Amino acid sequence: MLRKRQVHLDFHTNGTLPVGKNFSKQQFQGALKAGHVDSITVFSKCHHGWSYHPTEVNEMHPCLDFDLLGAQLEACKEIDVNAPVYISAGFDEKEFVKRPEWRYVCSLDAEQQKEYEEEVHFHLLCFNTGYLDFLCSQIEEVMQKYNPCGIFLDIVSPKVCYCDKCVNDMKKLGLDISNEEDRQKFALIVFDKYTEATNAAVRKYSDTATIFHNGGHIPKGDYRFIDCNTHLELESLPTGGWGYDHFPLSAAYVRSLKDTEFLGMTGKFHHSWGEFGGFKHPNALIYETSLSIANGAGCSVGDQMHPLSELNMATYNLIGKAYSLVEEKEPWLNGAVNVADIAVLSAEAVTGKRDSNADIGANRMLLENNLLYNFIDSTMDFSKYKLLILPDVGGYGEEIVGKIKEYAAGGGKVIASAEALIKDGKFILDIGAEYKGKNEFNPTYLVPGYETVSGTTEYVMRCDSHKFEVNDCEIEAYMQNPYFNRTAEHFCSHMHAPNNPEENFPGAIIKGNVAYIGWDIFTAYANHGHLCFKELFTHVINKLIGNDITVFADVPDKAVVTFTRQEKEKRNILHLLFSHTTVRGKNTEVIEDTVPLYNVKCSVKCKNKPSKIALVPSGDVLDFAYADGKAEFIVPKVNIHQMVEIND
């Protein structure tokens, strides 16, 4: 079982700086104890290319005169702290300078390559060169000499490289360097070569060491990447550009993978990696670690050690404020499995394109509606979910279409939007309508047939849409076109033409257990965030499964609600999280002040009347009412994170 209170310790140190002068085993251990840390990833080799221990296969940092890695490992072992070892794999600035034949080449254009090489940053090396053997020798040396509990390899993912070796090897395989599909195919061949070689270097000396290849993103549906790891670490620093809704989306997919442990990796930094002297508020770290455990993950907090090699006590006192709380909660986390009512068939998993706005928009709507959901890929079991969402994108193969049809025929509820329900010019499910093609107008207007905050009127929909004729279904919303699309020769007012009320046709429909929304509603919500998109989605959700959701919590849209099951202990755990975020600077979303919620009304579906409902870890027992298969209770206060156990 992965430990839940980890630190990822960066140490990327220029060769001219003094290293290790202030290292003290006692100080190192004292900082880890103050931080309530039970695992820390320590470093063998950094992005600059230096080793931090005596080495026969690489070069030790020129300003280091003792075995810093060995000293850290010894310090950790004495206080029962796990210590996986970090090795920079993709970057090696020292070798980039020394061995030009190993360099990653980003373009056949010499000027572009020159610009890349002259930029002030770390540079990649190509795994299809002798560099891979060099890297594997470093891994083997660490494994043989130190026998660590794990290896963390950084900055690795399939990349198209135009170095002479890659170009010649592609030709030998009959692949065309000018063809993008062939380039991507060869990039995967090289990536497989890398993972097989590096994993073998670890396994030569240990059958149990953990292995993780970090590329900064877990690609949904890409088992080539997922399966080469023993566990997953989800890098997601909210203030570093990811934002606070990034981790829930990543976790919602990874927790649906069978038998896969994972960590949520945030940082202590105000911004992101490499920031000396940057600190976030303790409330932010408390929220971020709580978000990890509520989503079924362990925690990893990024830190960067000063070259003098003394851990910063302000950092570990900060981490300790969060990890002391995680430590108290661990009895309700171990073995817990997240419960979900809804599955989203990931657009990324279907198209292979990461950071899909369709996924981002669906994730935000589900989060803001405080619903229980997972993101899944097409290989997973649809049948265990009450509702399947197919967001915006099409291109499903016959096997996926067959699974969707089987799911719907078995009574499963489906919400599909835009092209997701269309194949070969027809709807793949019977929704009582005939597809008529993509609408030539953008934007269009939505006229709701349900209650909205602003009432029944025309709402602008800045996205693509699709036309269809209905014959046997319920119409939930109508669509109106503008008088014309905006062009340089033909425009009206500042933005777009007004709606044409004479063109009024169906925009969203339901037939039985299937709903279809004719707009790219999820992509549009990611791009624009208009309330009308979410109001339509929420209305359809409520019509299909409103009475069958597992958990209801009367919390704001910024809150997060998750629900887990500990089968061994015969109990469920309700997680309620809420924090106020503020944008500081140009685009840095931060958490500082806490804004508690009081007297939160909750309802949980239960097969039988619970034996006890209590706040944890405090143990305060809550009064509850049980009727019609639901337990209803009030949580007196949620201050960032509150857990409630519902015992069978």
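Which residues in helix 6 meet which residues in helix 7? I will start there, then go to the sheet, then to the pockets. Please keep in mind that this is a predicted model.

On the helix 6 side we have C166, D169 and M170, and on the helix 7 side D182, R183 and F186. By class, the residues of this contact are 3 nonpolar and 3 charged, with no polar ones. Helix 6 covers residues 164-172, and its axis comes within 11 Å of the axis of helix 7. The two axes cross at roughly 105°. An angle of 65 to 115 degrees counts as roughly perpendicular, and helix 6 and helix 7 are therefore roughly perpendicular to each other.

Now the sheet. There is an open sheet of 8 strands, paired in parallel, and the order reads 5-4-3-2-1-8-7-6. What stands at the edges? Strand 5, residues 210-214, and strand 6, residues 232-235. Each has a single partner strand, so one side of each has no neighbour in the sheet. From one strand to the next, the twist averages 25°.

Take the strand 5 edge. Strand 4, residues 150-154, runs parallel to strand 5 and is joined to it by 5 bridges. One residue pair to look at is G150, whose bridge partner in strand 5 is T210. Helix 5, residues 131-146, lies across strand 2, strand 3 and strand 4. The angle between helix 5 and strand 3 is about 165°.

On to the pockets. The largest pocket holds about 1,300 Å³ of space. Its lining has 46 residues, and the closest to the centre are V337, N338, V339, T564 and R565. Elements giving two or more residues to that lining include strand 7 (262-267), strand 9 (337-338) and strand 25 (571-578). Which strand gives the most? Strand 24, with 3 residues. The lining of the largest pocket divides into 19 nonpolar, 13 polar and 14 charged residues.

The second largest pocket has a volume of about 640 Å³. It is lined by 21 residues, and those nearest its centre are P158, L188, P219, D222 and G352. Here the elements that give two or more residues are helix 7 (180-203), helix 8 (223-226) and helix 12 (347-351). The lining of the second largest pocket has 8 nonpolar, 7 polar and 6 charged residues.

That brings us back to helix 7: it meets helix 6 through D182, R183 and F186, and it also gives residues to the lining of the second largest pocket.

Technical notes
Residues numbered from 1 in each chain as written. Predicted model: local features only at pLDDT ≥ 70, side-chain atom pairs only at ≥ 80, totals over all residues. Heavy atoms only, no water. 1 Å grid on protein atoms, 1.4 Å probe; cavity = no way out; pocket = protein on both sides within 12 Å on 5 of 7 lines; lining within 4 Å. Points joined across faces, edges and corners; volume = space filled by probe spheres on them. Helix = DSSP H or I, 4+ residues; strand = E, 2+ residues; numbered from the N terminus. Nonpolar A, V, L, I, M, F, W, Y, C, P; charged D, E, K, R; others polar. Pairing = 2+ DSSP bridges. Axes fitted to C-alpha atoms, helices over the stretch in contact; angles between N-to-C directions. Contact = heavy atoms within 4.5 Å. Parallel < 35°, antiparallel > 145°, perpendicular 65-115°, else oblique.
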